[in-house]
Amino acid sequence: MTQFMIFSFLVVMLNVSALNATDAADVQASAVDAAKPDTSRGAAPDAYRIGPEDILQISVWKNEALSRAVPVRPDGKISLPLLNDVQAAGLTALELHEVLTQKLAEYIPSPEVSVIVTDVRSFKVSVMGEVARPGRFELKSWTTVLDVLALAGGFTQFATRSRIVILRPEATTMKRIPFNYNKLAGEQENFYLRNGDIVLVP
């Protein structure tokens, strides 16, 4: 076997070893990720996002003409002097603060802006079906499935507690999330609802 062939053989073996090590690392990483608990549904969101009907207090330091309480319109926008319409729905108070500061900088040198959500009115969920008081509920804080069922007065005697479904708007579709009340002491998680969720109790 020539030196060139020996060298080529060693290079191939090194590449195979490297690939095997990479595959092993990928498998291990996948196993670690799979073992991590899925907190996307159960954990409360870390920041409130503004929605239609919310009331915002916009304050511009040393400028009373621009400081005011404004409602978020159904189209998700607010109206302010100089800026006219500004998109607010879908943003956090901090994000809207940054948008307003950037826009006002075109008219005012170094504007100091604060945004406070003074009245939460857009966080609404509905409960339908076999509950005592079905309806749409306006919430003021993060609320779990059990909390909303309690607001609706609990189940009727005909409710099928193992087949509850939460319908969650996602873009143009509705995601179905099953909820088994009978398994709350075990595998069923009592997770937080999101704005627009519909709880169906058959």
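In this predicted model, Phe123 is buried, with a relative accessible area of 3%. Its ring pairs with that of Trp142. The two centres lie 5.5 Å apart, and the planes meet at 65 degrees, an edge-to-face arrangement. Trp142 is partly exposed, at 30% relative accessibility. The pair links distant parts of the chain, 19 residues apart. Phe123 sits in the loop between strands E5 and E6, and Trp142 in the loop between strand E7 and helix H3. Tyr48 joins Phe123 and Trp142 in one aromatic cluster.

The structure holds 4 aromatic pairs. Another of them joins Phe155 and Tyr181. Their planes stand at 80 degrees with the ring centres 5.0 Å apart, so this pair is edge-to-face. Phe155 counts as buried at 19% relative accessibility, because the cut-off is 20%. Tyr181, at 29%, is partly exposed.

The largest pocket encloses about 260 Å³ of space. Its lining has 12 residues, and those closest to the centre are Tyr48, Arg49, Ile50, Trp142 and Asn195. By class, the lining comprises 6 nonpolar, 4 polar and 2 charged residues.

The largest nonpolar core has 21 residues. Val127, Leu149 and Val199 are among those that touch the most other members. Helix H3 and strands E6, E8, E9 and E10 each supply at least two residues. H3 gives the most, with 3. Beyond its neighbours within four places in sequence, Val199 contacts residues including Val127, Leu149, Ile164 and Leu193. A second, separate core of 18 residues includes Ile50, Val60, Ala88 and Leu96.

Methods
Residues are numbered from 1 along each chain as its sequence is written. This is a predicted model: local features need pLDDT of at least 70, side-chain atom pairs count only at pLDDT 80 or more; totals for chains, interfaces and linings use all residues. Side-chain values use heavy atoms; hydrogens and water are left out. A nonpolar core is a set of buried Ala, Val, Leu, Ile, Met, Phe, Trp, Tyr and Cys residues joined through side-chain atoms within 4.5 Å. Buried means under 20% relative accessible area, exposed over 50%, partly exposed in between (1.4 Å probe, protein chains only). Helices (H or I, at least four residues) and strands (E, at least two) are DSSP runs, numbered from the N terminus. Contact means heavy atoms within 4.5 Å. On a 1 Å grid over the protein atoms alone, a cavity is a set of points where a 1.4 Å probe fits but cannot get out, and a pocket is an open set with protein on both sides within 12 Å along at least five of seven lines; lining residues have an atom within 4 Å of a point. Grid points are joined across faces, edges and corners, and a volume is the space filled by probe spheres set on the points. Ala, Val, Leu, Ile, Met, Phe, Trp, Tyr, Cys and Pro count as nonpolar, Asp, Glu, Lys and Arg as charged, and the others, Gly among them, as polar. Rings of Phe, Tyr and Trp (its six-membered ring) pair if their centres lie within 6.5 Å; planes under 30 degrees apart count as stacked, over 60 as edge-to-face and the rest as tilted.
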